[in-house]
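Reader: Could you walk me through this structure, one question at a time?

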Amino acid sequence: MDDTIYFDMGLYLDLVKAVIAEHQPQDRISMGDIKDRTELSRKYSIPLANRMEKDGWVRRDGDERIILKVWS
């Protein structure tokens, strides 16, 4: 995820699915939504959101993330 936090790829993909479940492209989600859906603390949910942005799942817009693609 970053220089000090590592997730197994299977776990990462499960977390991505949890975050984008029931959403459509262009839906907006907050960091609070990400934390609630993944049950991760802020320490882990922020690197998750950053990695999701890097991988093209979401785009940051201020304090929110915009869903770019859904799980197929």
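Reader: Which elements do the buried residues of α3 pack against?

Author: This is a predicted model, where local features need pLDDT of at least 70, side-chain atom pairs count only at pLDDT 80 or more, and totals for chains, interfaces and linings use all residues. Residues are numbered from 1 along each chain as its sequence is written, and side-chain values use heavy atoms, with hydrogens and water left out. The buried residues of α3 (buried means under 20% relative accessible area, 1.4 Å probe, protein chains only) are Ser45, Pro47, Leu48, Ala49 and Met52. They pack against α1 (9-20), α2 (31-38), β2 (58-61) and β3.

Reader: How are α1 and α3 oriented where their axes cross?

Author: In α1, Met9, Tyr12, Leu15, Val16, Val19 and Ile20 meet Leu48, Arg51 and Met52 of α3, contact being heavy atoms within 4.5 Å. The two axes, lines fitted to C-alpha atoms over the stretch in contact, come within 11 Å and cross at roughly 90°. Since 65 to 115 degrees counts as such, α1 and α3 are roughly perpendicular.

Reader: What span should helix α3 have?

Author: Helix α3 covers residues 42-54, which is 13 residues. The expected span is 1.5 Å times one less than the number of residues. The end C-alpha atoms of α3 lie 18 Å apart, which agrees with the expected 18 Å.

Reader: How far from Arg65 is the nearest side chain of opposite charge?

Author: Arg65 sits in strand β3 (residues 64-67) and touches, among others, Ala49 and Asn50. Arg65 is buried yet has no salt bridge, which needs a side-chain nitrogen of Lys or Arg within 4 Å of a carboxyl oxygen of Asp or Glu. The nearest side chain of opposite charge is Glu53, at 4.6 Å.

Key. Helix = DSSP H or I, 4+ residues; strand = E, 2+ residues; numbered from the N terminus. Buried < 20%, exposed > 50% of the residue type's maximum accessible area, 1.4 Å probe, protein only. Lys, Arg positive; Asp, Glu negative; His and termini not counted. Axes fitted to C-alpha atoms, helices over the stretch in contact; angles between N-to-C directions. Parallel < 35°, antiparallel > 145°, perpendicular 65-115°, else oblique. Lists of a residue's contacts leave out its neighbours within four places in sequence.
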